[in-house]
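Reader: Hi! I'm new to reading structures, and I'd love some help finding my way around this one. Could we look at it together?

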Amino acid sequence: MTNAPSPFVRAALDAAAGIPATGIAWLDAARRENLDSFAADGLPEGRSEAWKYTPLRALAQRALALADRGAAGALAVDATRIALPGVDGDRVVFVDGTYRADLSTATTAGVTLLPLAGALAQNPEPLRFALANRYRHGAADAFAHLNAALAVDGLVLRVDDGVEIARPVHVVHVSSGGQADTAWHVRLLLDIGKAASVDVVEHYVTLGDAAQLGTVVTDISVREHGRLGLVVLQDASTATTLVRRTHARLDADATATVHVLELGGALVRHELQADVNGDRARFDSRGVFALSGRQHIDTQLEVRHQARDTASEALWRGIADGRSRGVFRGAIVVAEGADGTDASLSNKNLLLSGQAEIDTKPELEIYADEVKAAHGATIGQLDERSLFYLRSRGIPLSQARSLLTLAFCRAALESLPNEALREHLGDLLVANLPTGPAAD
Amino acid sequence: MNESENMTREVAAPVRDNAEVEAALNRRYEAGFVTDIESTSLPPGLSEDTVRQLSAIKGEPEWMTEWRLAAYRHWLTMPEPDWAKLDIAPIDYQSVSYYSAPKDGPKSLDEVDPKLLETYEKLGVPLHERAKLAGVAVDAVFDSVSVGTTFRKELAEAGVIFCSMSEAIREHGDLVRQYLGSVVPVGDNYFAALNSAVFSDGSFVFIPKGTRCPMELSTYFRINAINTGQFERTLIVAEDDSYVSYLEGCTAPMRDENQLHAAVVELVALERAQIKYSTVQNWYPGDENGVGGIYNFVTKRGDCRGADSKISWTQVETGSAITWKYPSCVLRGDRSVGEFYSVALTHHRQQADTGTKMIHIGKGTKSKIVAKGISAGRSSNSYRGLVKIEKGADGARNYTQCDSLLIGKQCGAHTFPYMEVKNPGAIVEHEATTSKISDDQLFYCLSRGIGEEDAVSMIVDGFCKQVFRELPMEFAVEAKKLLEVSLEGAVG
C-alpha cells in the first residue's frame with residue numbers, strides 16, 4: 001500500500017526474523033502468512049473506517065524491538081504489586097509477554113492452565129483452529145496479523161465440561177517499562193467446556209516508565225450452557241501502548257459477561273467481538289474509561305447475533321478530561337434468521353475539557369425482523385440540577401462533581417458479582433477520576 | 001393506472017370487485033410513462049469538450065465555463081466513494097448523455113409544448129390554470145432544462161427571484177457567482193464534482209432582506225429521455241430576516257437501464273433567515289427484481305451563515321434503486337438551528353444509505369434529527385448521520401432519533417450515527433430502535449375489521465407521523481399515498 005515500509009513495519013520484520021520455527025508446519029505457515037499480510041498492508045491509515053478516530057502516524061515512525069525475553073524472565077516482580085482483592089484463584093503471569101512459571105500457579109482441579117509453548121508441545125491440533133485463523137480485513141487487522149506472527153508465548157486455559165470454578169483465575173500482563181521502544185505480544189486461548197463456569201480477571205500493570213507496546217489477542221469459546229465472567233482491569237502506565245482483541249464465540253445457552261475498566265495507557269485500543277452463535281446464548285458487556293492528560297482510548301465493540309432468541313446488553317461509560325480523546329464504537333449485528341434477538345446498547349460520555357474529544361458511533365445492522373434492538377448514546381456534562389441539589393445540601397462543588405461523576409461511571413461496574421473486586425475497582429476509579437473544572 | 005381506473009368506472013357493479021383487484025394488482029409505479037417528445041441531446045460521453053459544448057448550448061459566460069472545467073478536472077482525480085452500505089454495479093460515465101432537452105427549448109409558459117404540459121398534468125403538477133388554484137409557484141425541469149416557471153409576476157412584485165438556473169446565470173450572474181459553490185465546493189465529493197462540471201439546469205431562488213416569500217416555491221424534476229443523466233443544481237439564498245418554503249418532487253419513466261441522477265442543492269441562510277426545504281423523492285425504483293431504476297446520488301447542504309438563522313430539511317424518500325443522500329446543515333451563525341426530518345422507505349431490491357450531517361460551529365447552535373426507515377422486500381435501508389460539535393460551539397445541543405421498521409424477513413435496516421464532540425459545553429443525544437410491526441398491533445386492527453394492508457399502512461403512517469407533520473399539507477397527503485403504493489405487496 002505504502003511505497004516504503006514504515007520504521008514500525010521494518011522493525012517488526014526484523015523481529016520476526018529472530019523467531020525460531022516451531023517445527024509445526026501449519027503453525028509456521030500461519031505465522032509466515034500473517035507476517036506477509038502485515039508487511040504488505042502496513043498499519044491502517046486515516047482512510048480506514050475502523051481506525052478513523054485513532055491515528056497511528058506517530059506509532060508508525062517508531063521502530064520497536066522485541067522486549068528482551070531473558071531480562072523479562074529474570075525481572076523481580078513484587079507480588080503485592082499484582083495482587084487484587086477478591087481474586088484468589090490460580091494466577092498466570094506474563095512479564096513483557098514472557099510466561100513466568102515462577103510467578104504462576106495451576107492448582108485447581110478441572111482447569112488446565114498451560115503456557116502456549118507447553119500446550120503446543122503436548123498436542124497442537126486443538127489449537128489449530130484459533131492459531132491458523134486468517135484475518136481478512138487488510139490493514140484494519142494489522143495488529144492481529146502482527147500478534148499472530150510474533151506472539152510466541154501465551155496461555156491455554158481449558159475448563160472441563162461441567163466444572164464450576166469458584167475462585168477467579170488471575171491473568172496478569174506486566175509491562176516492565178524497563179527498556180524504551182520495545183514490544184511484546186501474547187496470545188490467550190480460553191476454552192470453557194459444556195456447562196462449565198469460570199471467572200477470569202485480565203490485569204494489566206506497568207512497573208517502569210519506559211514506553212512499550214503490548215498486543216494481546218484472546219480467543220474465547222464458551223460451549224453449551226457454559227458461563228464465563230471476564231473482568232479486564234487496565235491500569236498500565238501512561239507511556240504504554242496497548243492493542244487488544246478479545247473475540248468470543250458462544251454456543252447454545254452459553255453466557256459471557258465482560259466488565260472492562262480502562263484507566264491507564266497512552267494509546268489503547270480494545271476490540272471486543274462476540275459471535276453469539278448458539279440459540280439462547282447471551283453476551284453482556286460493560287465498561288468504563290476515565291481519561292486525562294493526553295490519553296487516547298478506543299473501544300470497538302461488535303456483537304453479532306447469529307442464532308435464535310439470543311440476547312446482548314452493553315452499557316459503557318466514558319469520561320474525557322485534559323487533552324484526551326475517547327473513542328467508542330458499539331455495533332450490534334443481527335444476522336438473517338436470528339429471530340427473537342433482544343439487543344441493547346447504551347453509551348454515555350462526559351466531556352470535561354475544551355481540549356478533550358469524544359467520538360462515539362453506536363451502530364445497528366439488522367437483517368431479521370423478529371427483533372428488539374435499541375441503542376442510545378450521549379455526550380454531555382454533569383446534570384446542573386443534580387449539582388445544584390447537592391450544593392443546596394451543603395456539599396462543596398468539587399465534591400458534588402466527583403460524587404456525580406463516580407455515580408455516572410459506577411453504573412457500568414455495579415453488576416459485577418465479585419464484591420471485593422467491585423469495591424476495589426470503584427476505589428481505583430475514584431483515584432483516577434479527573435477532577436474536572438476547578439471549583440467556583 | 002389511469003386506464004384501469006376508467007375500467008373500474010365502466011364495468012357493472014357485480015364484477016367491480018374483480019376489476020378493483022385487477023387494478024390493485026396492476027398498480028405499480030404510476031409515474032412510469034414516457035412522453036413521446038422530440039428532444040435534442042448531446043451524444044453519450046464525457047470529456048472537456050462535452051463540458052464546453054454544454055456550456056456553449058446554454059450560452060454561459062466565460063467564468064461559468066471555466067468553473068465547470070475546473071470541477072471536471074478535479075473530478076478526474078477523485079476515486080468513487082465506496083464507504084456507503086450500497087452494492088452498486090459499476091457506472092460507465094461515458095455511456096451517459098449529459099444533456100437532453102425538448103427540441104424547441106424553453107419559452108414562456110404559454111408556448112410550452114402541450115405534450116409537456118400534459119405530462120405534468122398527468123403527474124399532478126400544476127403548471128397552468130390549476131397552478132393559480134393551487135397557489136404554489138412551480139419550476140418544472142424536464143430532463144436537462146427548465147420548461148417553465150409559474151407565478152413569476154407575483155413573485156417579482158415581492159422582490160423574490162425564482163427562475164431556472166440557466167436563466168439565473170444569464171440574468172443574475174453576480175448573485176450566482178457570489179453564492180454558487182460556496183456551500184458545496186466543486187471538489188466536495190465525487191458526485192458533487194461531477195455535477196459541478198455537467199449540471200444542466202435547476203432552480204435559483206433569491207429572497208431579499210426582510211421578505212417573507214408570499215407562496216410555496218416548488219421544483220418538479222422529470223427524467224424522460226433514455227440514457228440521460230439528470231444533473232440539476234439548486235441554489236437558494238435567503239437574505240437577512242427572510243423566509244421561504246421550498247418543495248421538490250421527482251419522477252422518471254420505467255426503464256430497464258439504470259439512470260444516473262446526481263444533484264447538488266445549496267442553501268444559504270443569512271441573519272435570522274429561515275429556509276424550509278421539503279422533498280418527496282419518487283424516482284423510478286426499478287422492478288421487484290432490481291432491474292432498472294434511478295441511481296440517486298445527491299449532495300444537499302445548507303449553510304446557516306447568519307446568526308439566529310434556521311434551515312429545516314424534510315424528506316420522504318420512496319423511489320430510486322439506490323439513494324445516496326445526506327442533506328446537511330453547517331451551523332455557522334450563533335444560535336442557528338438545523339433540522340432534519342426523514343422518512344426513507346425501501347422495498348423489493350432498493351438500497352438507501354441516507355441521513356444527515358449537523359456541523360455545529362457557532363455558539364448556542366441547535367440541531368434535531370428525526371429519521372424513520374422502513375424496509376420491506378429484499379431491500380437495504382441505512383441511516384448514516386454525523387453530529388459534529390466544533391471547539392467553539394459553546395452550549396450546542398443535538399437530539400437525534402432514528403427508528404427502523406422491518407417488514408419481512410429478507411430486508412436489512414441499519415444505523416450508523418457518528419458523534420464527534422470537541423466542546424465540553426455541548427450536549428449530544430442519540431437514540432435508535434429497530435422493530436417490526438407487532439402482531440398485537442395487527443391483531444387489534446384486524447379484529448376491528450380493518451384489512452391487513454390498511455392496517456399496515458395505518459401503522460406505518462403512525463410511525464412516520466413525526467416527519468409528515470413537518471411537510472406542507474399537499475405534500476403530506478402525497479407522501480402518505482406514496483407510502484401506501486410503495487408498500488403494496490409487502491405483507492401477506
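Reader: Let me start small: which residue is the bridge partner of Val169(A) in E8(A)?
Author: Good place to start! Keep in mind that this is a predicted model. The partner of Val169(A) in E8(A) is Val200(A).

Reader: And how many bridges join E6(A) to E8(A)?
Author: There are 7 bridges between E6(A), residues 169-175, and E8(A), and the two strands run parallel.

Reader: OK, what is the bridge partner of Val200(A) in E10(A)?
Author: That would be Leu230(A). E8(A) is joined to E10(A), residues 227-235 of chain A, by 9 bridges, and this pair runs parallel.

Reader: Why is E8(A) largely enclosed by the rest of the structure?
Author: Look at its residues, 197-206: 9 of the 10 are buried, so the strand is largely enclosed by the rest of the structure.

Reader: Cool. Switching to helices: which residues of H1(A) are buried?
Author: In H1(A), which covers residues 7-17, they are Phe8(A), Val9(A), Ala12(A) and Ala15(A). Viewed down the helix axis, the buried residues fall within an arc of 120 degrees, so they line one face of H1(A).

Reader: And what do the buried residues of H1(A) pack against?
Author: They pack against helices H2 (25-41), H3 (57-60) and H8 (142-150), plus strand E1 (65-66), of chain A.

Reader: Now the two chains. How many residues does the contact take from each of chain A and chain B?
Author: It takes 30 residues from chain A and 29 from chain B. On the chain B side, the elements giving two or more residues are strands E21 (397-407), E22 (412-421) and E23 (427-436). That side of chain B divides into 12 nonpolar, 10 polar and 7 charged residues.

Reader: Which way do E20(A) and E23(B) run, parallel or antiparallel?
Author: Antiparallel, with 7 bridges joining E20(A), residues 371-380, to E23(B). Within this pair, Thr378(A) stands opposite Glu429(B).

Reader: Last topic: which residues touch the most other members in the largest nonpolar core?
Author: Ala256(A), Val334(A) and Ala238(B) do, in a core of 259 residues. Strand E10 of chain B, residues 258-269, gives the largest share of this core, 8 residues. In soluble globular proteins, nonpolar side chains tend to be buried together.

Reader: What does Val334(A) touch, not counting residues up to four places away in sequence?
Author: Leaving those out, Val334(A) touches several residues, among them His305(A), Thr341(A), Ile366(A), Tyr367(A) and Val371(A).

Terms used:
Residues numbered from 1 in each chain as written. Chains lettered and ligands numbered in written order. Predicted model: local features only at pLDDT ≥ 70, side-chain atom pairs only at ≥ 80, totals over all residues. Buried ≥ 20, exposed ≤ 12 C-beta atoms within 10 Å, placed from the backbone. Helix = DSSP H or I, 4+ residues; strand = E, 2+ residues; numbered from the N terminus. Pairing = 2+ DSSP bridges. Contact = placed C-beta atoms within 7 Å. Nonpolar A, V, L, I, M, F, W, Y, C, P; charged D, E, K, R; others polar. Arc of directions from axis to C-beta. Core = buried A, V, L, I, M, F, W, Y, C linked by C-beta atoms within 7 Å.
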